[in-house]
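Please open the structure in a viewer in which residue ranges can be selected and coloured. The tour proceeds by selection, with a short description at each stop.

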Amino acid sequence: MKRILLLTALVMSVIAMRADDMAEYRAFADTVRADVYSMDLPAFKIKEIPDKYRNESAVYKAIYENFDAKKKTGVGVRPGPLMLPTVSRRARVEAGHLTRMLIHINDKAALDKYSEFDFGTDDKKSYYEGYEKSRRAMGVRLVKPDGRIIDIDTSEFVEVEEGKKGEKKSRKLAIPGLEVGDDIDVFFYTETRMQNVHPDPLTFYMKEDAPILNYQIHCVIDDNLTTQYRTLNGAPEFAVSRDEDGNYVLDLIMTDISSKEPRLWYSTSQQSPQVKMYVFNRRNSSDFTPKSARFDGMQCNPPATWIIGDRWDEDDWWLERGAVSGDLVMKNYLKDGRKIVKDIEKMVKEGKITAREGADYLYNLLCYLYIGNRARLNVRDFAIQYNSLLKSHKFPVEGGMSSIPDQESLDEVINLSNTIFFTRLQGDTTRYYFPPSGGIFAPSEIITGAHGRKAIMWRKPKERKKEPDGTNYFRIPASTAADNRNVTDVDATLDGTSVMITRRESHLGSTKSHAYGILSEEDMNEGYRRYLSRYGHTVNVKENKKEAADRVERYADGRMEQKDDFKKEIENYHGSAAADFVEGNVVALGVDPADPALVYELTYRMDNLLKRAGSNLVLSIGKLLNDQIEVLPSDRDRDVDAWMRSPREYVTRINVTLPDGYKVSDKALAALDRSVVTAAGTFTVKASSSPGKLAAEITKVYSKSVVPVAEWPDMLKVLDAASAWNSASILLEKN
């Protein structure tokens, strides 16, 4: 009875807390809603949309963004000498960010898309001398064609947790009563209070997946804060003024933005007009403030050299003199870690291996800890520790900087956090050791998105001052389609109306991203250990008995999860699930620079690829090629380049063992052949047969990392040919 009463009390307590939270949210949201919907914004009163947009699925009649930031000064208490409390001033900022949209719903596709919205949960982060508290609210009202306005109760949201450990929390709100022909007037508002913390960076994107009739940005920022912003990809400049209190006022208006974000191969960060903005409170005593932001005011499109200089200044100490952090990581996390590193240094010195081979080995040694989350490294820490590890063991290395893939180019960089360091051996301009960002790469491979990016090598401060612009840019080597190749070998045996398939996938470069989802923790750890054993070393992490037992348990759980991942991969490949999954295994992790392919194999049975036609059989041979991109009618007209990230080559070799007594006619065989060769890419098929065998080799190539608009029709020819062949069937005739 006591347990029941205790459980009841606990449940009632949770319900009461939930009710309090909802009441607090409702009060906050109601206040914000009243303010937002009382704004005098003519663009939100538009009734009709232009005739040229009548056939669009949706139209943004208006988008309004408002950001304000105000410096506040407070006091706080912290331990002082002899642990006695001391009172000191605190640097505080209060900020608000509003995004409001008026969206016209023109068809069922738009109705489905905008019938549910996600918005963030309230958040609180605490630091040694600071904090960051955020409150979020959403408002929705429907504007019917007859002018009626229907307010939606946004407190009816559902809180959801996503991710394997529920780390991604959000609120989902369904919009009842939304119909085709309606306008939906929706806003999202975030109020943030900060102490000794800089506001989060903002990016305003001036393009959506539907036309925009009116886009407006209005910012009011305290003149006692430092604001840096950059306009990118053709975005217009702000009109900057000062109000009666001295605050900076920024205004920007764009009208009739007819260009839309395409569904296929588009990079918002690289192609959409945008403004990136960073606000700093230089009086902050805890959060790092870059040198360029240590004075008040507004910096409109500051020189990239200022930002690059901030990063150099922050990290000159390890680039110039090196550090011991790399050796400490080896000592703290690896058994005999320092001995292994010294052995590698000795082997290089004695000429048993080259400096490049030694650098490759140490790169993978640090990656082994990084990927396994042993050393708790981030991208910057990895670069620092790898550079210092090589320097402390007398490798002739030099450090360099580029910008993070999918962010602004280095010569337009606006945030020092958007930079990334790399290391290379002096005089070796073909090997760039980047932190393993976005996947697992061999030392011979450049991380996806970094190919062809602008970069700069580190030079001593005195040398940098001698250069007129403070920079000396060059480009990281570009990759070829062969560098990013996926080879698929399909061995299919026909049995009745079933097809038994053994498929081997081999990935290089950027195509490795297709395979990361099936890798288990055990695959990654053991793959690195196999490579690292090449010079007679046994590499093991330091762990106690409990940690070892936990790892073994994780391995077992990972193998069970991987089975589901393999099944999902098969379904994605063929467009339908396997009738029976037999086995799957990872053959090679792809970290050996001499053989960098990530390889796995799958064996399974498909029941929907083979049908009887009287005494003959019909094989859906096109489904033995991986599922191809379907080009929708809306994808065919394009006014921006296709951002492919990297050129790629896909080779599929299909070998079919026919049942006894069946053959393929020459006419049926010839019908499988294809040859589409354009400047943008190619799609070719060559089929052949021999007694009891049917074979086809399919090659699809995306020739460029960026396909110009003028060549988009050429790319469509390649995509159409691949999609058509994906549906190909062949008659197997009974002798």
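The stops below cover two sheets, a pair of helices, two cavities and a pocket in what is a predicted model.

**First stop: a mixed sheet**

Select residues 202-205 and 297-300, which are the strands β10 and β16. These are the edge strands of an open sheet, each pairing on one side only. The sheet has four strands in the order β10-β15-β12-β16, and its pairing is mixed. From one strand to the next, the twist averages 15°.

Now add residues 226-232 and 274-280, that is, β12 and β15. The two run in the antiparallel sense and are paired over seven bridges. To see one bridge in detail, display threonine 227, whose partner in β15 is valine 279.

**Second stop: two crossing helices**

Select α10 (residues 521-532) and α11 (residues 545-574). Their axes come within 8 Å and cross at roughly 115°. Because angles of 65 to 115 degrees count as roughly perpendicular, α10 is described as roughly perpendicular to α11.

Show the side chains at the contact. On α10 they belong to Glu521, Glu522, Asp523, Asn525 and Glu526, and on α11 to Arg554, Tyr555, Arg559 and Gln562. Colouring by class gives one nonpolar, two polar and six charged residues in the contact of α10 with α11.

**Third stop: the largest pocket**

Keep α11 selected, for this helix gives the most to the lining of the largest pocket, with five residues. Add β21 (485-495), β22 (498-507), β28 and β32, each of which, like α11, supplies at least two lining residues. The volume of the largest pocket is about 830 Å³.

Which residues of the lining lie nearest the centre of the largest pocket? Centre the view on His507, Ser510, Ser513, His514 and Tyr650, which hold that position among the 37 lining residues. By class, the lining of the largest pocket comprises 13 nonpolar, 15 polar and nine charged residues.

**Fourth stop: the cavities**

How many cavities of 30 Å³ or more does a search of the whole structure find? The search finds three.

For the largest cavity, with a volume of about 50 Å³, select Leu625, Asn626, Gln628, Tyr650, Thr652, Phe683, Ile698, Thr699 and Lys700. The elements giving two or more residues to this lining are β28 (648-657) and β32 (693-702), and β32 gives the most, with three. The lining of the largest cavity divides into four nonpolar, four polar and one charged. Tyr650 lines the largest cavity and is also among the residues nearest the centre of the largest pocket.

Next, select Tyr363, Tyr432, Tyr433, Phe434, Phe441, Ala442, Pro443, Glu445, Ile446 and Ile447, which line the second largest cavity. About 40 Å³ of space lies there. The lining of the second largest cavity has nine nonpolar residues, no polar ones and one charged residue.

**Last stop: an antiparallel sheet**

Finish with the open sheet of four strands in the order β25-β26-β34-β29, in which the pairing is antiparallel. Select β25 (610-613) and β29 (662-663): each has a single partner strand, so one side of each is left without a neighbour in the sheet.

Then select residues 616-619 and 730-734, the strands β26 and β34, which pair in the antiparallel sense over three bridges. Valine 618 has leucine 731 of β34 as its bridge partner.

Conventions:
Residues numbered from 1 in each chain as written. Predicted model: local features only at pLDDT ≥ 70, side-chain atom pairs only at ≥ 80, totals over all residues. Heavy atoms only, no water. Pairing = 2+ DSSP bridges. Axes fitted to C-alpha atoms, helices over the stretch in contact; angles between N-to-C directions. Parallel < 35°, antiparallel > 145°, perpendicular 65-115°, else oblique. Contact = heavy atoms within 4.5 Å. Nonpolar A, V, L, I, M, F, W, Y, C, P; charged D, E, K, R; others polar. 1 Å grid on protein atoms, 1.4 Å probe; cavity = no way out; pocket = protein on both sides within 12 Å on 5 of 7 lines; lining within 4 Å. Points joined across faces, edges and corners; volume = space filled by probe spheres on them.
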